[in-house]
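Student: I would like to learn how to read the features of a model such as this one. Could we go through them in turn?

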Amino acid sequence: MREFRIDLRSDTKTRPSRDMRTAMAEASVGDEQSGEDPCVNELTARVAALLRKPGALFLPSGTMCNLIAVLAHCRPGDEVIAAENSHLISSESGGATAVAGAQIRPISAKRGIFSADQAAAAVRPGKINAPTTRLIHVEQTVNRGGGAIWPIDALRELAAFARERRLAMHMDGARLMNAVVGSGVAASEFSDCCDSVWLDLSKGLGCPMGAVLAGDEDFIRAARRWKFRLGGAMRQAGIIAAAGLYALDHHVDRLRTDHDNARRFADALRSVDAVSIHAPETNLVFFDIESSRMSASELAQALAEMGIGIGVEGRTTLRAVTHLDVNAAGVDEAAAAISSILG
Ligand SMILES: *Cc1c(COP(=O)(O)O)cnc(C)c1O
């Protein structure tokens, strides 16, 4: 595997910093499965408070958060409404269907943000031969929507619709804190719209692993059971939770720097003729090189030879992600390299 000097492939590529590792090494720990790990308990209490939910559960990954939420909200044969570009549909090995037996109804939505009217049109009629619509799934920020932030008003409208129709609302908050920093809206304002919500510790927050799923007592009770069944219960997980506590203290406000660097990268690419690009809202930058003679994978290959990592999203579409292990000089160099390769 190639080592990239400048790795813009994903915000999952961060390595735990020296100070984070120190916090991990010094963590007090206990048996998580029995509820005895002090660091895990502190982390879940802290995230529950941040998201204004009665309870929270520490899980190994965001993928398991989404899967457990579907398992807790739905029965086999139930239907989930989700944007067609959602991570749930594209990037979780079909877990909601394979494990939870849920069917997903994709909504086509520009940048992954859909209206209450679109959701209404996707709800099945209460007929014996139709699946029962049970859950609305939203992503904050929308990964394959270019890191778009669900506006709080759109989310509130959707939540009001969900409540009226007795549908559950779930938020995939893999990058919820990017939405908070990018919009200035509190995390609890977003999570108030949802029955269940999680945030990932291993994306922009820079932890080696972990995610925290929050909801009310009944939801968390059901989720905890599924965590056991899936083998997600851990032992001295405080080693990992300590990284999460460290990240909440030190890595939230600095997401602003990632957003600044994403904008800086996009601004630099805007002057390259062959590149078509939108101003990023957060730390994800999608751009298209259709008008160049190169494919996305050829460009990525040429960059890799210069020690620069970038994601290929489509035949002519690429994704660059800023995070705490790339700085302004790094994005400048990456943009200059793209400009010279395409130029
Ligand atoms: C990364 C990601 C996930 C899954 O999280 P993991 O911690 O990698 O399992 C889910 N949804 C979105 C939008 C993501 O970007």
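Tutor: We will go from the overall fold to the ligand, then to the empty spaces, and end with the backbone.

Student: What is the radius of gyration of the protein, and what would a compact globule have?

Tutor: Keep in mind throughout that this is a predicted model. A compact globule with 343 residues would have a radius of gyration near 20 Å, and because the protein has 20 Å, the two agree. The C-alpha trace spans about 55 × 55 × 35 Å along its principal axes, and the protein contains 14 helices and 13 strands.

Student: Which residues come nearest to the ligand?

Tutor: The shell around the ligand has 14 residues, and those that come nearest are Gly62, Thr63, Asp172, Asp200 and Lys203. By class, this shell divides into two nonpolar, six polar and six charged residues, while α3 (62–73) and β7 each supply at least two of its residues.

Student: Which atoms of the ligand lie 2.9 Å from glycine 62, and which lie 2.5 Å from aspartate 172?

Tutor: For glycine 62, a polar backbone atom is 2.9 Å from an oxygen atom of the ligand, whereas threonine 63 places a polar side-chain atom 2.7 Å from an oxygen atom of the ligand. With aspartate 172 the partner is a nitrogen atom of the ligand, which is 2.5 Å from an N or O atom in the side chain. Taken alone the ligand exposes 370 Å², and the protein buries 88% of that.

Student: How should I look for empty space, and how many cavities of 30 Å³ or more are there?

Tutor: Rolling a probe the size of a water molecule over the atoms shows where empty space is left. Here the count comes to three cavities of 30 Å³ or more, and the largest cavity holds about 60 Å³ of space. Its lining includes Gly173, Ala174, Arg175, Asp200, Lys203 and Leu255, and the elements that give two or more residues to this lining are α8 (176–183) and β7 (196–200). The largest share, three residues, comes from α8, and by class the lining has six nonpolar, three polar and three charged residues. Asp200 and Lys203 are thus found both in the lining of this cavity and among the residues nearest the ligand.

Student: How much space lies in the largest pocket, and which element gives the largest share of its lining?

Tutor: The largest pocket has about 280 Å³ of space, and of the 17 residues that line this pocket, Arg111, Gly145, Gly146, His278 and Phe286 lie nearest its centre. Two or more lining residues come from each of β9 (276–277) and β10 (284–288), with β10 giving the largest share, five residues. By class, the lining of the pocket has seven nonpolar, six polar and four charged residues.

Student: Finally, which residues does a cis peptide bond join, and what is phi of arginine 52 near?

Tutor: Most residues other than glycine have a negative phi, and most peptide bonds are trans. In this model a cis peptide bond joins glutamine 140 and threonine 141, with omega about -10°, and threonine 141 lies in the loop between β5 (133–139) and α7 (152–164). Arginine 52 has a phi near 50°, which is a positive value in a residue other than glycine, and arginine 52 is also found in a loop, the one between α2 (38–50) and β2 (55–59).

Definitions and conventions: Residues are numbered from 1 along each chain as its sequence is written. This is a predicted model: local features need pLDDT of at least 70, side-chain atom pairs count only at pLDDT 80 or more; totals for chains, interfaces and linings use all residues. Side-chain values use heavy atoms; hydrogens and water are left out. On a 1 Å grid over the protein atoms alone, a cavity is a set of points where a 1.4 Å probe fits but cannot get out, and a pocket is an open set with protein on both sides within 12 Å along at least five of seven lines; lining residues have an atom within 4 Å of a point. Grid points are joined across faces, edges and corners, and a volume is the space filled by probe spheres set on the points. Helices (H or I, at least four residues) and strands (E, at least two) are DSSP runs, numbered from the N terminus. Ala, Val, Leu, Ile, Met, Phe, Trp, Tyr, Cys and Pro count as nonpolar, Asp, Glu, Lys and Arg as charged, and the others, Gly among them, as polar. A residue is near a molecule or strand if one of its heavy atoms lies within 4 Å of it. A polar contact is a pair of N or O atoms within 3.5 Å; within protein, one must be able to donate a hydrogen and the other to accept it, and residues adjacent in sequence count only if both atoms are side-chain atoms. Accessible areas come from the Shrake-Rupley method with a 1.4 Å probe; for residues, only the protein chains shown count as cover. The radius of gyration is taken over C-alpha atoms; the globule rule is 2.2 Å times the number of residues to the power 0.38.
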